[in-house]
Amino acid sequence: MRKDWTPGKFPKDRTSAQRLCEWIDVGEDGLDAVDLDLTGADLSYGDFSESWFTDAKLVNARLVEAELYRSDAQGADFSGADLTGCSLVRVNLDDAVLRGATLDLANLVKASLYDVDASGASCRGTQFRGASLLGVNLRSADLRNAVFQENAFQVTLDQNTRIEGASGSVFGPAVIVEGEVSRELSGAALEGWIKDKGGNIRVLVRRRR
């Protein structure tokens, strides 16, 4: 067995449950969960380093403090999932759905998030250092105490996005939605908007070569 780990709850989908059992028994390499339906499964504390969750369905799944280092989760649906304290270092999350997911204290250092829907997600204390946030929907997301470091930050925020205590540095521009009006802010203007909402994030300007 894989370091004596077993899921807190297996997925209801038989094919997915069988694949998970086989992977645990073999105890080698990453899990091939491409296109699997892992809805509602409890995979907390599991080591899924270098696994494939491409286009997998993980709606309302639990991955508390799970290890997904260098995994591919492109197009995966994590709607409502609990990834508290999860390690998502260098994970490919392009085109993934994180709507309403909990990523509190998760580690997304150098993760790739392109065209991700993270609206309503909870990212309190999340580490985004060096992650690429391009085309990410963060409307109504909770970014309180999140940490950034020279992140690409081409995201969509709104008046319901919470950013108190967030710190670090990012590159804009970001789109701000206020009611039915949206505007693009970068540089000092974006930094001022964030500061007005209680954040302390420097907005950097890329130097032209």
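## Exercise 1: Gly172 and its surroundings

Find out which residues Gly172 is in contact with, leaving aside its neighbours within four places in sequence.

**Solution.** Step 1: go through the candidates and you'll get Phe153, Gln154, Leu190, Val203 and Leu204 as the contacts of Gly172, with neighbours within four places in sequence left aside. Contact here means heavy atoms within 4.5 Å.

Before you go on, a word on the ground rules. This is a predicted model, where local features need pLDDT of at least 70 and side-chain atom pairs count only at pLDDT 80 or more, while totals for chains, interfaces and linings use all residues. Residues are numbered from 1 along each chain as its sequence is written, and side-chain values use heavy atoms, with hydrogens and water left out.

Step 2: place Gly172 in the chain. You'll spot Gly172 in the loop between strand S4 (167-171) and strand S5 (174-178). Helices (H or I, at least four residues) and strands (E, at least two) are DSSP runs, numbered from the N terminus.

Step 3: check its burial. The relative accessible area of Gly172 is 19%, so Gly172 is buried. The classes go like this: buried is under 20% relative accessible area, exposed is over 50%, and partly exposed is in between (1.4 Å probe, protein chains only).

Step 4: look at the next peptide bond. Gly172 and Pro173 are joined by a cis peptide bond, with omega about 0°. Pro173 is also in the loop between S4 and S5.

Step 5: try a distance. Gly172 and Gly130 are 42 residues apart along the chain, and their C-alpha atoms are separated by 14 Å.

## Exercise 2: Two residues with positive phi

Work out where Glu150 and Lys110 sit, and decide for each one: buried, partly exposed or exposed?

**Solution.** Step 1: start with Glu150. Glu150 lies in the loop between strand S2 (132-137) and strand S3 (151-158). Its phi is positive, about 50°, although Glu150 is not a glycine.

Step 2: put Glu150 in a class. With a relative accessible area of 53%, Glu150 is exposed.

Step 3: see what Glu150 touches. Not counting residues up to four places away in sequence, the list is Ser169, Val170, Phe171 and Leu204. Take Ser169: 19 residues separate Glu150 and Ser169 in sequence, and their C-alpha atoms are 4.9 Å apart in space.

Step 4: move on to Lys110. You'll find Lys110 in the loop between H1 and S1. Phi of Lys110 is near 55°, again a positive value in a residue other than glycine. Its relative accessible area is 47%, so Lys110 is partly exposed.

## Exercise 3: Two buried loop residues

Which residues does Ala106 touch, and which ones is Thr54 in contact with?

**Solution.** Step 1: locate Ala106, which is in the loop between helix H1 (14-26) and strand S1 (112-114). Ala106 has 0% relative accessibility, so it counts as buried.

Step 2: list its partners. Setting aside residues up to four places away in sequence, Ala106 touches Leu83, Gly85, Cys86, Thr126 and Gln127. For a distance, use Glu65: Ala106 and Glu65 are 41 residues apart in sequence and 7.9 Å apart in space, C-alpha to C-alpha.

Step 3: do it again for Thr54. Thr54 is in the loop between H1 and S1, and at 18% relative accessibility it counts as buried. Leaving aside neighbours within four places in sequence, its contacts are Ala33, Val34, Asp35, Asp72, Ala73 and Gln74.

## Exercise 4: The whole protein

How many helices and strands are there in the protein, and why is the protein as compact as a globular protein of that length?

**Solution.** Step 1: count the elements, and you get two helices and seven strands. From the N terminus on, they run α-β-β-β-β-β-β-α-β.

Step 2: compare radii. The radius of gyration of the protein is 18 Å, close to the 17 Å that the globule rule gives for 209 residues, so the protein is as compact as a globular protein of that length. The radius is taken over C-alpha atoms, and the globule rule is 2.2 Å times the number of residues to the power 0.38.

Step 3: add the extent and the burial. The C-alpha trace spans about 55 × 35 × 25 Å along its principal axes. Of the 209 residues in the protein, 48% are buried.
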